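Please open the model in your viewer and keep the selection panel at hand. The tour below goes from stop to stop, and at each one it says what to select and what is there.

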Amino acid sequence: VNTAPRRPPASWLALVRALLPAARRDEVEGDLIEGWRDRTDRAYWRRAWAFWRDAGSVVARRNRQGADSAERRRPFGALVAAIAHDVRTSGRMLRRRPFFALLVVTVLAAGMGASTAAFAIADRVLFRALPFHEPNQIVALSNVNGSEVLGGRLERYAAIREVSALGAYYTGGMNAATASYVGRVRIAAVSPGFFEVFGVHPLWGRAFSNSDDPEGLTAVVSFAVWQRHFAGSPALAGQTIRLNSRTYAVVGVMPHRFQFPDATEIWIPGLADAQASGTSRILPSPAVVARLAPGVSPLRAAAAFTRADEGRYTRPSEPATATPLQDQLTIYSRSPVVMMTAFVILLLAATSASAASLLLFRLRERERELVVRSALGAGRWRLTGQLIIECVMLTGAAGIIGLLLARTALGVLAATIAQIPGVPMVDADLGHMDLRVALLGAGICALTGLFFAVGPGLAASRANATRVLRSGRGSSAGLGILARGLVVVQMAVALVLLTVASTALATVVRLARVDLGFSNPRAVVFDLTLPEDRYRTRSAALAFLERFTAEMHSMPGVHNVGATNVGPIWQGTPVVAIRLREEYSAGDDAPASAITQLFATPGYFRAMGIEVVAGRAFSAEDGQPGAGPTVIVSETVARSLDERVAAVVGRRVRLGGGRGETAEVIGVARDVRLWRVGVLRHGQLYEPLTERRGWFDGRLSIAIDGANGSEAAVDAARVVLGRIDPDLTLYNVVTVRDLRARYLPTERLTLAVTSVFSTVALVLSAVGLYGILGQVVASRTREVGIRVALGADIVRVRRSVFAAGLRLAVAGIGIGGAGTFLAFKVAAAVLPRQDPPSPATFAVNALVLLTVALVAAWAPARRAAAVDPVNALRAE
Amino acid sequence: MKGAHLGEFEEFVLLAVHGLGDEAYGRGVQRLLERETDRSVSLGAVYAALDRLEHKGLLRSEEVAGTPTRGGRRRRQFRLTAPGTRAIDTVRAIRERLYRAAPVRPARSRS
């Protein structure tokens with residue numbers, strides 16, 4: 001079915017009508033409508049093109065003729081005619097020099113694309129209000145500990161006058177199952193006041209209320225989940241979802257804009273499921289948000305909280321503070337984004353400078369034409385206007401391309417960020433260009449165009465006929481200084497960005513070489529949660545593990561299967577600080593160290609490729625009743641006991657204080673970087689999982705070493721799980737090969753962003769230098785001609801142009817050096833883990849910039865050397 | 001000179017008006033030329049040629065009520081004047097004489 005509109009948009013027709021004399025409006029409009037209808041089988045853009053070609057040709061012709069007395073009387077007729085004429089002339093000019101036009105458009109498009117993308121991110125992070133009702137009144141509370149939640153502190157706060165609503169939430173994941181879906185969902189366990197804080201009402205059904213049984217199994221789902229798994233009908237009655245193997249009644253559906261916090265899919269009340277937040281034994285500190293009463297500032301609220309706490313027996317150790325939620329959410333991304341924005345403003349200036357210098361260069365060549373036209377009676381404004389129109393055309397073309405580039409860049413960036421855990425507050429629809437970003441791009445485009453047209457325009461308006469015709473030299477020398485200054489600035493910007501990018505690269509390369517402690521590239525790791533409801537006892541979990549391991553081994557291609565409670569990288573790692581003492585050590589004054597206490601099944605070390613450097617791994621006998629307690633420690637732990645790591649094997653250690661039982665160290669394994677690649681947080685201590693020992697909260701991280709690739713291994717695991725418990729779902733699947741990449745989220749992001757920007761800056765500075773030097777050469781044609789005629793050395797002529805280019809480059813490198821120093825000073829305050837640039841890195845980058853400068857200077861220098869003295873002088 | 005001379009495009013437009021009869025107006029002419037010459041013809045160029053031909057007295061035009069296909073907008077319908085008909089005859093005669101004079105091989109018959 002052809003749904004193409006049968007008429008061109010009314011606004012287009014209105015525009016065309018406005019530009020036509022009244023007598024011809026009907027006729028032209030009718031013909032345009034007919035033309036549109038004739039072309040309904042073509043693509044929309046082809047129809048639009050034909051429409052505007054026809055309309056433009058008619059309007060241009062009307063105004064060109066201008067002889068008709070009726071047309072003369074039209075307001076702006078002469079102006080429109082002049083502009084139309086200039087547009088045509090500019091078009092011809094640009095077509096005559098396609099390389100020049102292409103260069104300018106490329107430069108502008110690259111600059112505008114990069115800055116639109118950057119500003120879109122900045123807008124999202126810094127300026128855009130959160131999508132909630134009166135978002136400025138929402139604050140995040142800090143210094144509220146988990147134990148105090150039970151102490152009634154939140155109720156106390158909720159009751160005070162300055163607060164109109166208060167809510168607390170925990171975040172986590174749960175196994176979800178509906179009739180058609182089994183998988184993992186992001187959940188938030190929220191207190192009754194939570195939704196009230198955000199002023200959000202369910203689209204259908206209801207939110208939680210105080211009258212809900214705190215243990216009641218009710219859930220509110222997000223609009224996306226509702227559409228995907230419940231067919232999106234507003235009939236809520238009887239709809240249920242199974243979460244961690246318990247059935248929850250779905251009581252409400254949230255509107256689709258509401259996904260707080262962190263793209264939550266399902267909200268459950270309070271502490272309905274302790275496993276959801278990942279810690280069933282310890283009550284973690286919730287995140288607390290509040291809506292302040294109208295006119296109450298965060299400071300006043302904080303003071304009110306302190307007053308409410310005064311004189312209470314269970315007075316909190318620290319006063320609660322309130323921060324605007326927006327600030328709280330963007331706390332980590334704010335500074336880098338501000339820095340990036342600063343860079344981008346410089347980049348944009350450099351872009352305009354490049355384009356302006358190219359245009360000035362071009363103006364040199366056209367100076368005589370302009371002067372002759374001015375001598376023949378063309379007004380100053382006419383000439384300036386012509387140039388400005390040329391700029392507008394170039395900028396317009398570049399703006400469209402730049403916007404498309406920005407869109408692509410944002411899409412790629414959003415996709416990259418989506419894969420990086422822990423980069424906050426950049427949501428998935430960053431990749432969608434909305435009107436705001438498009439307007440932003442248009443604004444940038446207009447500003448750039450203005451900036452870049454003013455210089456050449458002024459130069460043209462000042463063209464002095466007599467002087468130019470007599471001496472062949474123009475009067476734009478003064479503007480040359482401005483342009484030169486800008487080229488120096490853009491060189492400096494390029495150097496700063498290059499140094500930042502290569503430092504980020506060095507960091508990534510260095511960290512990518514770090515030994516993570518596990519090395520089996522075939523292994524695939526995934527998480528699994530055994531719901532407490534079904535696996536209430538430890539023996540049930542043990543039975544599950546035993547059966548799962550045995551069945552996995554029977555699957556084709558599976559070599560090793562192992563399990564632990566905390567796999568690599570995933571946050572929420574329950575790092576337990578324990579004292580590890582040798583059996584006969586002096587007592588509590590022995591050095592205490594924080595150790596990650598894990599359990600491991602016998603196959604785990606081999607599946608992950610964790611080398612056991614001394615002693616042995618667990619066997620099936622370890623942990624069986626009757627066998628003594630055994631542990632495996634990692635090298636760091638072993639070293640804290642004895643300098644010779646191997647000597648630790650066979651000793652007995654005591655965990656924790658007091659007179660707890662001792663365990664025999666049977667092996668020493670490599671340290672595993674569980675959390676971050678840059679730092680080894682803690683050593684590890686492994687125990688076998690038994691009835692009595694091993695820290696276990698239902699979460700498992702399973703590693704499978706399969707010969708047929710990771711997908712086959714995961715498929716096998718799904719088959720086995722389906723046989724044992726169809727409610728179970730595996731999640732966070734990642735191959736060991738990919739794990740390494742996930743360890744470096746910020747570093748990789750920095751690298752990606754800075755390398756794009758620095759490449760753009762480098763290209764821009766090269767183009768800018770080329771433009772400036774070309775200008776220099778063009779203005780010195782006569783001088784060079786005379787020098788060559790008098791027998792000057794060609795090589796020296798060429799060298800002098802090179803020298804002019806080098807001077808600019810060296811000045812740029814000097815300023816860039818200072819800029820780099822400053823930038824890293826700032827960066828060190830913002831990102832403490834950022835490596836400072838090494839002098840070698842800086843030197844290499846300076847060299848790169850110098851090389852690029854020389855390449856850019858080469859063509860103008862050659863042109864200078866090729867000046868034919870006869871032609872140069874005859875041109876006078 | 002100007003009064004007598006017909007450019008190639010003007011000649012095409014004149015012939016199109018002749019052939020189109022009641023359908024000889026801006027878009028009609030443009031449509032025919034686009035189809036027959038297989039090149040892109042802008043509406044402005046068609047108007048320009050029509051106006052010039054009218055100015056030379058080879059065409060005359062009148063406003064006619066529009067059809068629904070053009071949103072009910074009026075259209076300017078062109079007709080050949082007597083000098084216009086004569087101009088076509090003249091051009092054809094010139095061309096035929098020139099073709100006869102030129103030692104052109106007969107065009108291959110198309111199958």
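Over the ring of which residue does the charged end of Arg24(A) sit? Select Arg24(A) together with Tyr47(B), and you will find the charged end of the arginine over the ring of that tyrosine, 5.5 Å from the ring centre. Please keep in mind throughout that this is a predicted model.

**The interface**

Stay at this place and widen the selection to the residues that join the two chains, where 22 residues of chain A are in contact with 21 residues of chain B. The size of an interface is often given as the accessible area lost when the parts come together. Here chain A and chain B bury about 1900 Å² between them, and 41% of that area lies on carbon and sulfur atoms. On the chain A side, colour Glu27(A), Asp31(A) and Glu34(A), which lose the most area to chain B and together make up 28% of what that side buries.

**Chain B**

Now hide chain A for a moment and show chain B as a cartoon, in which four helices and two strands should appear. Followed along the sequence, these elements run in the pattern α-α-α-β-β-α. Chain B has 111 residues, of which 38% are buried, and the chain exposes about 7000 Å², with carbon and sulfur atoms supplying 53% of that surface. Among its contacts with a separation of 6 or more, 49% are between residues 24 or more positions apart.

**Chain A as a whole**

Bring chain A back, again as a cartoon, and you have 27 helices and 22 strands to look through. Chain A has 876 residues, and 51% of them count as buried, while the chain exposes about 40100 Å², 60% of it supplied by carbon and sulfur atoms. Of the contacts in chain A between residues at least 6 apart in sequence, 81% join residues at least 24 apart.

**The largest nonpolar core**

Next, select Leu347(A), Phe757(A) and Leu769(A), which touch the most other members of the largest nonpolar core, a set of 69 residues. Among the helices that give two or more residues to this core are H6 (98–127), H13 (334–375), H17 (477–513) and H23 (745–779) of chain A. H6(A) gives the most, with 18 residues.

Centre the view on Leu769(A) and show what surrounds it: leaving aside neighbours within four places in sequence, Leu769(A) is in contact with Val487(A), Gln490(A), Met491(A), Gly805(A), Leu808(A), Ala853(A) and Ala856(A). A second core, separate from this one, has 30 residues, including Met552(A), Ala713(A), Val714(A) and Leu728(A).

From there, go to Val489(A) in helix H17 of chain A. How far is Val489(A) from Leu347(A) in space, C-alpha to C-alpha? The two C-alpha atoms are 9.3 Å apart, although 142 residues separate Val489(A) and Leu347(A) in sequence. Val489(A) has a relative accessible area of 32% and is therefore partly exposed, since that class lies between the 20% limit for buried and the 50% limit for exposed residues.

**Aromatic pairs**

Show the aromatic side chains next, as the structure holds 25 aromatic pairs over all chains. Begin with Phe51(A) and Trp52(A), an edge-to-face pair whose centres are 5.1 Å apart and whose planes stand at 85°. Is each partner buried or partly exposed? Phe51(A) is buried, at 2% relative accessible area, whereas Trp52(A), at 32%, counts as partly exposed.

Move on to Phe605(A) and Tyr686(A), another edge-to-face pair, with 4.9 Å between the centres and 75° between the planes. This pair links distant parts of the chain, for Phe605(A) belongs to helix H19 (residues 604–608) and Tyr686(A) to strand E20 (residues 683–687), 81 residues apart. Both Phe605(A) and Tyr686(A) are buried.

Then select Phe132(A), Tyr169(A), Phe194(A), Phe195(A), Phe198(A), Phe258(A) and Trp267(A), which ring pairs link into a cluster.

**A buried loop residue**

For the last stop, select Thr264(A), in the loop between strand E7 (246–253) and strand E8 (266–269) of chain A. Thr264(A) is buried, with a relative accessible area of 1%. Setting aside neighbours within four places in sequence, its contacts are Arg186(A), Ile187(A), Ala188(A), Ser222(A) and Gln259(A).

How values were computed
Residues numbered from 1 in each chain as written. Chains lettered and ligands numbered in written order. Predicted model: local features only at pLDDT ≥ 70, side-chain atom pairs only at ≥ 80, totals over all residues. Heavy atoms only, no water. Buried < 20%, exposed > 50% of the residue type's maximum accessible area, 1.4 Å probe, protein only. Contact = heavy atoms within 4.5 Å. Areas by Shrake-Rupley, 256 points an atom, 1.4 Å probe, with all protein chains shown as cover. Core = buried A, V, L, I, M, F, W, Y, C linked by side-chain atoms within 4.5 Å. Phe/Tyr/Trp six-rings, centres within 6.5 Å; stacked < 30°, edge-to-face > 60°. Lys NZ or Arg CZ within 6 Å of the ring centre and 35° of its normal. Buried area = accessible area lost by both parts, 1.4 Å probe.
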